[in-house]
Structure formats: C-alpha cells, structure tokens
Amino acid sequence: MTMLRYAGILIFWILLAALLYWVRKQKNVVFWPLLALAGLLAFNLASTEQFYRLDWREGHLYGVPVDIINHASKVGILAIGMTLVIAVEGIDLSVGAVMAIAGAMMATLTRQHDVAPAYCVLAALGLGLAAGVWNGFLVAVMGIPPMVGTLILMVAGRGVAQLITDGQIIIFNNPVLTYIGNGFLVIPFPFILMLALFALTWLFTRKTAVGFMIEAVGDNEVASSRAGISARSIKFLAYVFCGLCAAIAGLVQTSNIRSADANNIGLYLELDAIMSVVIGGTSMMGGRFYLASSVIGAILIQALTTTMYAKSVSPVVAPVFKALVILLVCVLQSERVKRRLAARHQTA
Amino acid sequence: MNRRYLTLTVTAFVLLLLYGFGAAVFPNFLSLRVIVNLFGDNSFTGISAVGMTIVIISGGIDLSVASVIACTTIFIAQMVNPELHGWHPLQAMAAAVAMGAVFGAAQGFFISFFNLHPYLVTLSGMFFARGVGYIINDTNLAIKHPFYSETVRGLSIPLSAILRDYLGLENYVRKGVSLPLTAQCFILFVVAGTLLLAFTRFGRYVYAIGSNEASARLMGVPVDRMKIQIYALSGFCAAAAGCVVTFYMQAGNSSLFVGLEMDAIAATVIGGTLLTGGVGGVPGTLMGVLILGLIQTLITFHGNLNNWWAKIFIGALLFLFISIQQLLNRGLTRRAST
C-alpha cells in the first residue's frame, strides 16, 4: 500500500513537472499560479505528514488534496464568472450577496413550499440571472462605474436574502439538494460542477468569437465599438453570466452546509474570487483574460488556507498570511517590478 | 445651479424627509435626545467616513477601515489592562493612532509606488489588520480604568442644563441630555475634515488628483507623496474611530464591525461624493451618516420592522444617488461635447 502511494506521488509530480514545462514553453500565464501551487505542494511534501494520503472508502476518495479541490470549487465557480467581468474592465462586488440570495431561495422553496428540487434550483439560478441583469443594466446601459454600480446589490442583496428567509436560518435535508454540495462521483461533485462550468465557458469563449470580443471591449471600448462590436451587450452579458455563476456557487455552499444562512453565505467570497482572478494574471484594467489561470488561482488560495490549517495556524490568524500573499502577488505583477525584471533579462 | 450643490440639496432633502417622517409618526422622535444619540451612536462610522471621503475624492477607496477600528479597540484594551501592560489610556490611544497612520501610509505606498489598484491593496490591508487584531487578543476585553469611568464621562457636555440656563428653554428640553465625548469627537472630525478639504493646499491637491491624476501630475502635484498622505490620513481617522469606540463600549473586541467599511462608503456616496473621484465633501458625508443612522433609529422606533429593511432601503438610496450623479455627469459631458 505504501509502495502504491509513493508511486502515485511520483507519477503526480512527473505529470505536474511536465505540465509546468509545457505551459512555460507555451508562454502561458497559467505558469505562475501553477508554479506557486507546485511550490506549496512541494513544501507540504517535505513537511506535512499525511498530506498526500488518499483513502478509498465506499466509492469515495478522501484526503487532503480532495478536500482542497472540494472547497476551492465554489470560489473557482465565482472566479470563472468574475474573470469575464474583469476582462471587460469591470468588477462585480455583489457575488457574495447573490450567493446568499440564491441559497435563500432554494432553501425556502424546498422547506416552506415543498417545491420539487429541480424547480428550486431553477428558481435560484433565475434569481442569479436577474441579479446579473440588474448589474449589467447599471453598468452597461446606464454607464455607472462597475465598482459603484455593483455596490448597490452588495449592500441590498443580503437584505433581500434575509427577506426571503424571513431572517431565519432554514435547514433542509432534501437528498437531491444536499447532493449538490456534498455528493461524490469518485471526486467531489462541486469540483465536477466547476470543471463542467469551466469547460463550457472555455468552449463558449475560446471556440467562438465571443472571447475575442470580450478582450477587445476590455482593451479599448471605444475602438471595439468603432470596429462594430456591441460593447454594451458584451458587457451586459458578462455581468449576467457572473450572476449565474454566483447563483451556482451559492447553491453549492448552501447545499454543503444544508442550510441557508443569509448573513454568512458567500460572506467576503467576492474578495476571494477577485483575488483568484488577479493571481491568475488577468489585469483589473481589462483585456486579456485567463480562465484556467483563475481556477488555478482559486485552488492556490484554498491550498494555502488548508496548508495553514494543517500546520495548525489558528484560523483567525490565517488572514494575515493571506493578506501578505495577495500583496506579494500584486507587487510581482506590477509594472514597476515587471520592467525591472525585463531590464535585468536584457542585460544578462 | 452647481451640480455639487444639487446632490447636496437632494441629500439634505432626504435627511429632512426621513426626520420629518419620524417626527410625524413617532411622538418622541422630535427630541434632543434622539438627535444627540444620532451623533453619539454613529460617531465611529462618521469619523471613519470622514477619512473615507477624502480617499474617495482622491479617486481611491479604503476597505481596511473596519478592521483597523477593531484592531485599535483590542490594542487599547490590551495595553490598558493592568494585568497585561497597564498603560495609561492616553498613551495607548496615541500609540494606536500613530500605528493607524503608519498602516495607512504603508497602504498608500503600495498603491502609489507599485501603481496597484487601491481595492486590492486595502483589501489585503483589511485581512491583515483583522488578523493582527486576533493575534493581539481574540476575546472580548473590558476596559476598566478611571480615565474611562470618570474623565470620559465627565467630558460630556450637559446640553439640557446649558439650554435651560442660558437660553431659557426649560419647557422644551428634558433633563439629563448631554452630548457625549464620542459625538464631540465626531463633530470635531467633520469640522476638521471640511476645513482641510476647503482651505488647504492638501485639500486642493486631493480634488486635483481625483479629477484627473495625469494632469495633476503634469501640473506638479506630488501625486505619489499625496497618496501616501491621503491613505495615512484615512488610517489615522479609522484608528481615531477605534479610540472613540472604546469610549462608547468601554471594551475592545477584534471581531467587531465586520462590514462597517461598506457603511462608511455608502454614507460617503449618499452624501454626494462621486466614487470616481474629484467631486464631494465632508458636509455631505455628515448628512449621509445621519441618514444611515436615522434609518436605523426609525427601525428601532417602529419596533416591528425587521433589520433587513435597513439594508434594502440603504441599497435603494444608493441607487437613487448614484443615478442622479450619473444623469448629471452625462448632462455635463454632453454639454461639453456640443
């Protein structure tokens, strides 16, 4: 059994190294967050016992790595939507509140109105879309700066969620609905959901012209309008999509804890999502976006958190390290440091 | 009419409307005590909102204020506690305010030197200060010191007595209403902030940077140094708000005020300051803070209304003010282009 595990770890590292080499050769931005993730994993290989231990119980895979991808999923889902919004030079501060609204809707419908699970999910997703339409209307149609426009729903959204749940924490145990956040198909269901969403978004943006248009609008809105792209509709769609992603993430978290807590679901997750996107290399000034890189960013943040817990850093102190990591990544990506590095490259 | 005064007028109108509504519906609303409490209970939001206003006028944002407030309260409580350090409260407050300013300056440095987005930098500042607060002490620590139980209480201004003795309003004023030190500090910060923005070079530079950073730089405004000073000022205000919280609660707690930064931002926006920078002022923010406080007071007076209506109502107000500003802005650009 131990032999098997060592072989597994070896194969994993060979694959990771090959992946790193390949993305470096491709000059893909995903290299940097992936390198940071590999560094963190190497640190754990050296210092955390049982970090790589995977168990097979009742058809499920258990272990710390599984935990990481499981918990990273909801931020990953948020980050996918947020990437597109940031790519059109926007930001969506309301995703945490939208998560709470979606979760509240699902829980209230199943518990208090006995609605069939499929309709609960559809209603929650519909609310997410509506939230996205609202944000899109403010930003794309009315032309309000995104940080201002989405602030409105960020403030009011939790109130709406509490209105839906009537201020209560609504507990539910419908097997279908609890599956969304707790299910396993060998690997955790939320992670599968995230992968599926990622694949669909990737196909939609990279195999059609949409991705190109998004980057054009984010890079220069006026120029892309002159070139015949409807910048307004592209921006609008990005916010609608982000609202949908937020609703999905809200369902995952609500389902995971089997209750809708309007005050705490998605609290500060907008920050984690924005952080994932920025760590992933998408600039807050818009333009080029990197979906896979954002997802890796989300996993990196979760791996960092889990590592700190594994090292028995108190959960209340963990934010300090998180803050330092964000700042470090931001500084490394800043123009000044990049220019300095480029200059050194030329002289060498 | 100048657009700056137009939004300010709308803000004042909403404030009066809310107050008039309260006075019409609830018999005890029209009293000195309600007004004094409005200032006292919202003093820390108000003081941090003054710093926030200056940051927002300069085109930035500061998300770290709530964490800095919480961190300050626990720092003071820890230092004053006779079994732990036994400092004098004034000593602890001076240290806390200095640290707040240095912390803000560090944020300003990262924003200006590396040209980072203020949202990201102050976001990590928010996590950092919150974590440091927990490291200092993660419990609720009461402050027991004669300075708090005697001096702070003694410094409140006995308003009813003054009104009765000097103005002869004995029939209108109830006994025992006094303006607490917290409210005095709030008013002091509002006045100081207003003067700073209106009559100093610092203030003019803040508006210049917020209107157009590039042209401010070309005109010789030391933009980088100014940004460090602006965020230092915001950190200073947040730490000062933390000191005021200790007057108010006589305790320190590192888990307090999660989300207060949003109240400060909302008050600033409702007060007519443009989140894109360049336009606004502290008097508007004062009204914004009072509006938020009034909403809370109205809900308390009503007794049956749930707290979430406050959030929804604040959201609606934000929408109202942002839309007005947007329409005004559009009108101006259209006039400029024709």
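How many helices and strands does chain B have? I looked this up before anything else and found 15 helices and two strands in chain B. I note at the outset that the model is predicted.

**Entry on confidence**

I turned next to the confidence values. For chain B the mean pLDDT is 87, and 94% of the residues reach 70 or more. I then asked which element of chain B has the lowest mean pLDDT and which the highest. Helix α8 of chain B, residues 159-167, has the lowest, at 74. Helix α3 of chain B, residues 43-57, has the highest, at 95. For the complex, I recorded an ipTM of 0.80 and a pTM of 0.86 from the predictor.

**Entry on the overall form of chain B**

I looked up the extent of the chain along its principal axes: the C-alpha atoms of chain B fill a box of roughly 60 × 50 × 40 Å. I then compared the radius of gyration with the globule rule. A compact globule of 338 residues would have a radius near 20 Å, and chain B has 21 Å, so the value agrees with that of a compact globule. I also noted that 49% of the 338 residues of chain B count as buried. As for contacts in chain B between residues at least 6 apart in sequence, I found that 78% join residues at least 24 apart.

**Entry on one residue, B:V245**

I chose B:V245 for a closer look and placed it in helix α12 of chain B, which covers residues 223-249. Is B:V245 buried or exposed? I counted 24 other C-beta atoms within 10 Å of B:V245; because the cut-off for a buried residue is 20 or more, B:V245 is buried. Leaving aside residues up to four places away in sequence, I listed B:F44, B:I69 and B:T73 as the residues that B:V245 touches. For B:V245 and B:T73, I noted a separation of 172 residues in sequence and a C-alpha to C-alpha distance of 6.9 Å.

**Entry on the contact between the chains**

I looked up how many residues each chain brings to the contact: chain A gives 32 residues and chain B gives 34 residues. On the side of chain A that touches chain B, I found four helices of chain A that each supply at least two residues, namely α6 (146-165), α12 (269-279), α14 (318-333) and α15 (335-347). Which element gives the most to this side of chain A? I found that α6(A) does, with 11 residues. Sorted by class, the side of chain A that touches chain B has 23 nonpolar, five polar and four charged residues.

Methods. Residues are numbered from 1 along each chain as its sequence is written. Chains are lettered from A and ligands numbered from 1 in the order in which they are written. This is a predicted model: local features need pLDDT of at least 70, side-chain atom pairs count only at pLDDT 80 or more; totals for chains, interfaces and linings use all residues. The radius of gyration is taken over C-alpha atoms; the globule rule is 2.2 Å times the number of residues to the power 0.38. A residue is buried if 20 or more other C-beta atoms lie within 10 Å of its own, exposed if 12 or fewer, and partly exposed in between; C-beta atoms are placed from the backbone. Two residues are in contact if their C-beta atoms, placed from the backbone, lie within 7 Å. Ala, Val, Leu, Ile, Met, Phe, Trp, Tyr, Cys and Pro count as nonpolar, Asp, Glu, Lys and Arg as charged, and the others, Gly among them, as polar. pLDDT is the predictor's confidence in each residue, from 0 to 100.
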